[in-house]
Amino acid sequence: MFRFLFHTNQSNFLYITKAYSLHMAFTVPLLMVVFFLLKPDETPNISSPFLFVVFIGPAIETLIMAPILKLLFFCNLRIVGTATLSALIWAGFHSVFVPIWGLGVFIHFFVLSISYITWRKQSFKAAFLVTFSIHALNNAVAMYI
């Protein structure tokens, strides 16, 4: 079920679609439960311009993710361990603004980290484009909702 995340033997479009769907299949139910149980006062407010949220933000975060993942590889963890640490770092960054946001982005950045690591074996360009595209799609949907 999750094996596709570790293989580039598929089109970029198919990989992006499946990775985004996987992230949403886990994130949406998690957030529904969290919001039902905790009823948080603060929720993420995405009021920045569309261009920034959908294009510039994901591009910058993907460029920052690359060296973070490179540093985490020095911990000699496998892909899943490295992706988990990366997702925790990104969840922490996002929690600074709104604590509940960290829960919402953890699975997303876990999938993004695995995607970047997997596609980096082909090239930086492939890793950047796939990871950026998943992130941009996520942010576009979040803005629409």
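A residue is called buried when its relative accessible area is under 20%, exposed when over 50%, and partly exposed in between, with a 1.4 Å probe and protein chains only. By that scale T131 is buried, with a relative accessible area of 0%. The model is predicted, so that local features need pLDDT of at least 70 and side-chain atom pairs count only at pLDDT 80 or more, while totals for chains, interfaces and linings use all residues. Residues are numbered from 1 along each chain as its sequence is written, and side-chain values use heavy atoms, with hydrogens and water left out.

**T131 and S115**

T131 is found in helix α5 (residues 124-144); helices are DSSP runs of H or I with at least four residues, numbered from the N terminus. Contact here means heavy atoms within 4.5 Å. Apart from neighbours within four places in sequence, T131 is in contact with T62, M65, L112, S115 and Y116. The C-alpha atoms of T131 and S113 are separated by 7.8 Å, with the two residues 18 apart along the chain.

S115 has its place in helix α4 and is buried, at a relative accessible area of 0%. Beyond its neighbours within four places in sequence, S115 contacts L5, Y15, A19, V130, T131 and I134.

Both side chains take part in polar contacts, as the table shows. A polar contact is a pair of N or O atoms within 3.5 Å; within protein, one must be able to donate a hydrogen and the other to accept it, and residues adjacent in sequence count only if both atoms are side-chain atoms.

| Side chain | Partner | Distance |
|---|---|---|
| S115 | side chain of Y15 | 3.3 Å |
| S115 | backbone oxygen of V111 | 2.8 Å |
| T131 | backbone nitrogen of Y116 | 3.4 Å |
| T131 | backbone oxygen of A127 | 2.8 Å |

**Packing against α4**

Axes are lines fitted to C-alpha atoms, for helices over the stretch in contact, and angles run from 0 to 180 degrees between N-to-C directions. The axes of α2 and α4 (residues 99-120) come within 11 Å and cross at roughly 70°. That makes α2 roughly perpendicular to α4, a term for angles of 65 to 115 degrees. E61, M65, A66 and L69 in α2 meet F109, L112, S113, Y116 and I117 in α4. The residues of this contact divide into seven nonpolar, one polar and one charged. Ala, Val, Leu, Ile, Met, Phe, Trp, Tyr, Cys and Pro count as nonpolar, Asp, Glu, Lys and Arg as charged, and the others, Gly among them, as polar.

The axes of α3 and α4 come within 7 Å, crossing at roughly 145°. Residues of α3 that meet α4 include I79, A83, W90 and H94, and their α4 counterparts include P99, W101, F106 and I117. The contact of α3 with α4 has 15 nonpolar residues, seven polar and no charged.

In helix α1 (residues 12-38) lies T27, which counts as buried at 4% relative accessibility. Outside its neighbours within four places in sequence, T27 is in contact with G104, I107 and H108.

**The loop between α2 and α3**

N76 lies in the loop between α2 (50-72) and α3 (79-95) and is exposed, with a relative accessible area of 69%. Most residues other than glycine have a negative phi. Phi of N76, however, is near 55°, a positive value.

L77 is found in the loop between α2 and α3 too, and is partly exposed at 33% relative accessible area. Leaving aside neighbours within four places in sequence, L77 contacts T82 and L85.

Conventions
Helices (H or I, at least four residues) and strands (E, at least two) are DSSP runs, numbered from the N terminus. Angles under 35 degrees count as roughly parallel, over 145 as roughly antiparallel, 65 to 115 as roughly perpendicular and the rest as oblique.
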